[in-house]
Amino acid sequence: MVQSAVLGFPRMGKLRDLKKANEAYWGEKLSRDELLAEGKRLRLEHWKIQKAAGVDIIPSNDFAFYDHVLDHIQLFSAAPDRYTKAGLHTLDEYFAMGRGHQKGGVDVPSLEMVKWFDSNYHYVKPTLQDNQTFKLAADPKPVREFLEAKEAGITTRPVLVGPVSFLHLGKADRGQSVDPISLLDKLVPVYEELLTKLKEAGAETVQIDEPVLVFDLPAKVRAAFKPAYEKLVSLQGSKIPNIVLATYFGDIVHNFDVVDEALTGTYAFHVDLVRNPEQLPQVLEHLGPKQILSAGVVDGRNIWKTNFKRAVETLETAVQKLGKERVIAATSSSLLHTPHTLDNEKNLDAEVRDWFSFASEKAVEIAILAKAVTEGPASVEAELKANEASQQSRASSKRTNNPEVKKRIESITPAQYERKSAFPTRLEAQKTHLKLPLFPTTTIGSFPQTKDIRIQRNKFTKGEITAEEYEKFIEKEIKDCVDIQQELGLDVFVHGEPERNDMVQYFGERLDGYVFTTHGWVQSYGSRCVRPPILVGDVSRPAAMSVKESKYAASVSKQPMKGMLTGPITCLRWSFPRDDVHQSVQALQLALALRDEVVDLEKAGVYVIQVDEPALREGLPLRAGSEREKYLSWAVNSFKLSTAGVEDSTQIHSHFCYSEFQDFFHAIAALDADVLSIENSKSDAKLLKVFIDEAYPRHIGPGVYDIHSPRVPSEQEIKDRIEEMLQYLKPEQLWINPDCGLKTRQWKETKAALINMVNAAKFYREKY
Ligand code: GLN
Ligand code: ZN
């Protein structure tokens with residue numbers, strides 16, 4: 001029979017239970033035992049949901065308190081010394097790596113956190129030493145959680161990140177020069193030991209994720225698969241469980257030679273047929289003689305109901321070639337990237353609700369699909385019919401198509417993509433207009449979202465206070481925030497974004513074409529979740545979205561006020577996009593709406609406008625080549641269209657939460673933003689070298705301190721950072737700002753950090 005499989009389930013729980021528990025633990029309001037118990041409760045609940053849905057193969061070890069890659073760092077005893085020698089409890093050491101620790105005489109920053117492939121999930125980067133060793137942790141988590149499920153009567157398939165991906169996704173620690181993949185020999189024996197323990201515990205199969213197989217891999221990494229897997233493959237079924245090797249978020253055809261050599265001997269191979277359905281015939285050709293195909297047909301990255309007809313066809317194609325015993329119907333990737341359940345959504349319009357499927361519903365879908373193929377369509381006739389009706393309802397709905405928007409897109413002229421003058425002319429106009437000092441200081445937009453802000457917003461959403469009362473409250477918050485910036489002595493102010501629940505949702509709520517969930521949270525990093533709005537139709541802006549707040553802020557500020565918008569690509573990428581219209585079209589629609597907003601801000605007296613595009617990079621197709629060029633061209637154009645409508649004297653900023661521009665520098669330059677702020681405090685300042693090498697003429701603010709952690713950087717640390725930056729950037733180019741927005745921070749540490757930052761800037765201002 002065709003079995004159904006889920007590759008991973010969201011961890012947060014129905015109502016972000018894990019977030020609440022973690023944060024209570026960090027705030028010393030929950031004991032360690034209570035937190036551990038909550039984790040256990042959530043795991044059990046999630047296994048039961050999948051069991052009840054009829055899923056045959058249910059994952060374990062997909063749960064993590066913070067991040068699953070971080071779990072593996074501890075699992076292999078690969079925590080850098082600075083954490084292990086702090087003498088913390090294992091769980092606190094774990095959180096210290098995830099979020100830093102500044103308590104009880106221990107002061108360590110967190111490890112670097114980066115995006116998981118092209119998703120908005122962040123993983124903690126394995127950070128390796130030249131003399132790195134690995135050792136299996138006592139009481140290994142995958143074994144413990146397998147046994148936990150078993151005790152509850154649920155046999156699971158443990159999930160591990162594979163050895164090649166673990167290393168390739170890691171990096172050498174600061175000051176170290178080790179090439180991570182060279183550590184493979186040392187790491188594989190630890191996998192062998194772990195897998196042996198899993199087998200002893202009763203695991204028949206194990207899912208090993210090697211998603212790096214979808215990348216263009218360096219030769220050394222390609223060559224690593226064979227030594228990594230040869231031995232493991234030979235031990236399968238006897239000493240260790242059968243291996244289901246999983247890839248996702250791309251096609252693996254270009255790495256088939258790697259697959260051929262090492263991986264056709266694994267028990268099963270999983271491919272993502274949602275993202276790359278066209279790879280199926282080649283994958284079928286390349287499977288080993290007995291190898292099972294795990295066919296990812298239910299989208300782990302989006303919320304649309306699966307098109308059953310199409311998915312059944314795909315599965316049938318595989319069954320025809322391989323037979324039912326050699327096909328598994330699976331989710332395309334872990335469901336980590338989808339919200340927990342549609343059940344919680346009481347406010348969704350019935351028409352659109354019927355188009356959606358969240359993690360719990362996807363578990364049901366995959367079970368239905370497996371049944372449809374195993375027992376024939378008649379066995380699930382009602383479900384197939386209902387699905388078809390839903391697909392048709394969406395295709396023909398008025399909500400999806402707006403002829404006005406189409407007309408406007410068709411009438412865009414080339415001139416609308418360009419600023420009036422080139423940068424040198426703009427710079428002069430801005431100098432006269434804004435009168436900023438050398439090394440101008442600013443922040444990235446948000447200031448702490450305090451408990452009070454959340455309480456008032458909640459009250460307003462629930463109708464417990466009037467719009468007027470809420471507006472008053474927001475005004476007061478803005479005023480306070482402006483006053484604090486005045487006190488701190490910053491140069492370009494922001495209004496602090498107290499009115500924003502989220503940088504995308506806030507705008508989505510003010511645009512036509514979007515719908516929202518009440519509980520559709522998806523983990524972004526650690527305990528932080530986002531609730532991506534859903535793009536269901538053509539986008540337009542019925543009224544100004546941010547002008548009132550920015551205008552007010554400007555009116556009470558002595559310094560230039562920076563207006564704050566979320567760019568078209570980020571609005572697109574951090575929403576669940578439509579799958580019935582090309583993303584480039586959705587981006588242009590968003591760009592036009594934002595262009596109107598930018599122009600309205602300028603009219604309202606806001607002459608510095610930041611259009612955040614932190615998601616620009618994650619949209620980059622994972623492999624180099626023409627796909628990437630195409631993406632960059634429409635993405636850059638959308639940004640330019642949204643920002644080019646202003647006068648020369650108005651300064652356009654943009655912000656990115658990363659500094660690795662090496663592979664698409666020309667695109668960043670093509671945005672033509674007057675000032676870029678980028679995350680840089682935790683990466684090597686050397687990354688800035690590209691700006692000199694390419695003679696980048698415009699201004700840049702590489703973040704001088706990390707905002708993901710409550711840790712306060714000293715003035716000296718910030719000066720050291722600036723000193724490093726000055727090796728690569730001209731003094732007149734350099735802005736001084738934190739890595740990113742401050743909304744997740746508390747006021748206390750925010751003020752302390754910004755005082756040090758402003759002092760550091762003053763020091764350099766005097767020096768130059
Ligand atoms: N302006 C946003 C903020 O400060 C930017 C956030 C981001 O880049 N992720 O919160
Ligand atoms: Zn950022």
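**Exercise 1. Work out how helix 6 packs against helix 8 and which residues make the contact.**

Step 1: Start with the geometry. Helix 6 (residues 141-151) and helix 8 (residues 184-201) have axes 9 Å apart, at an angle of about 15°. Helices here are DSSP runs of H or I with at least four residues, strands are E runs of at least two, and both are numbered from the N terminus. Axes are lines fitted to C-alpha atoms, for helices over the stretch in contact, and angles between N-to-C directions run from 0 to 180 degrees.

Step 2: Name the arrangement. That angle makes helix 6 roughly parallel to helix 8 (under 35 degrees is roughly parallel, over 145 roughly antiparallel, 65 to 115 roughly perpendicular, and the rest oblique).

Step 3: Find the hand. Helix 6 and helix 8 cross in a right-handed way; right-handed is when the near helix is turned clockwise from the far one by less than a right angle, and left-handed when anticlockwise.

Step 4: List the residues. Helix 6 brings Pro142, Val143, Phe146 and Leu147, while helix 8 brings Leu194, Lys197, Leu198 and Ala201. Being in contact takes C-beta atoms, placed from the backbone, within 7 Å.

Step 5: Sort them by class. The contact of helix 6 with helix 8 has seven nonpolar residues, no polar ones and one charged one. Ala, Val, Leu, Ile, Met, Phe, Trp, Tyr, Cys and Pro count as nonpolar, Asp, Glu, Lys and Arg as charged, and the others, Gly among them, as polar.

A quick note before you go on: this is a predicted model, in which local features need pLDDT of at least 70, side-chain atom pairs count only at pLDDT 80 or more, and totals for chains, interfaces and linings use all residues. Residues are numbered from 1 along each chain as its sequence is written, and chains are lettered from A and ligands numbered from 1 in the order in which they are written.

**Exercise 2. Do the same for helix 8 and helix 9, then look at Ala228.**

Step 1: Helix 8 and helix 9 (residues 219-235) pack at an angle of about 30°, and their axes are 10 Å apart. They are therefore roughly parallel to each other.

Step 2: The crossing of helix 8 and helix 9 is right-handed. On the helix 8 side the contact uses Leu184, Val188, Tyr191, Glu192 and Leu195; on the helix 9 side, Ala224, Pro227, Ala228, Lys231 and Leu232.

Step 3: By class, this contact of helix 8 with helix 9 has eight nonpolar, no polar and two charged residues.

Step 4: Now zoom in on Ala228, which sits in helix 9. Ala228 counts as buried, with 25 C-beta neighbours inside 10 Å (20 or more other C-beta atoms within 10 Å is buried, 12 or fewer is exposed, and in between is partly exposed, with C-beta atoms placed from the backbone).

Step 5: Setting aside neighbours within four places in sequence, Ala228 is in contact with Pro163, Val164, Leu184 and Val188.

**Exercise 3. Carry on to helix 9 and helix 10.**

Step 1: Helix 9 and helix 10 (residues 256-263) pack at about 20°, with axes 8 Å apart. They are therefore roughly parallel to each other.

Step 2: Helix 9 passes helix 10 in a right-handed crossing. Arg222, Phe225, Lys226, Tyr229 and Glu230 of helix 9 meet Val258, Glu261, Ala262 and Leu263 of helix 10.

Step 3: The contact of helix 9 with helix 10 has five nonpolar, no polar and four charged residues.

**Exercise 4. Place two residues with positive phi.**

Step 1: Recall the background. Most residues other than glycine have a negative phi.

Step 2: Arg16 has a positive phi of about 55° without being a glycine. Look for Arg16 in the loop between strand 1 (3-5) and helix 1 (17-26). Arg16 is partly exposed, with 19 other C-beta atoms within 10 Å.

Step 3: Ser77 has a positive phi too, near 50°. Ser77 is in the loop between helix 3 (68-75) and helix 4 (81-84). Ser77 is partly exposed, with 15 other C-beta atoms within 10 Å.

**Exercise 5. Is Asp299 buried or exposed, and what does Asp299 touch?**

Step 1: Find Asp299 in the loop between strand 13 (292-298) and helix 12 (308-322).

Step 2: Asp299 counts as buried, because there are 27 C-beta neighbours inside 10 Å.

Step 3: Not counting residues up to four places away in sequence, Asp299 touches Val274, Trp304, Thr306 and Ser332.

Notes. Contact = placed C-beta atoms within 7 Å.
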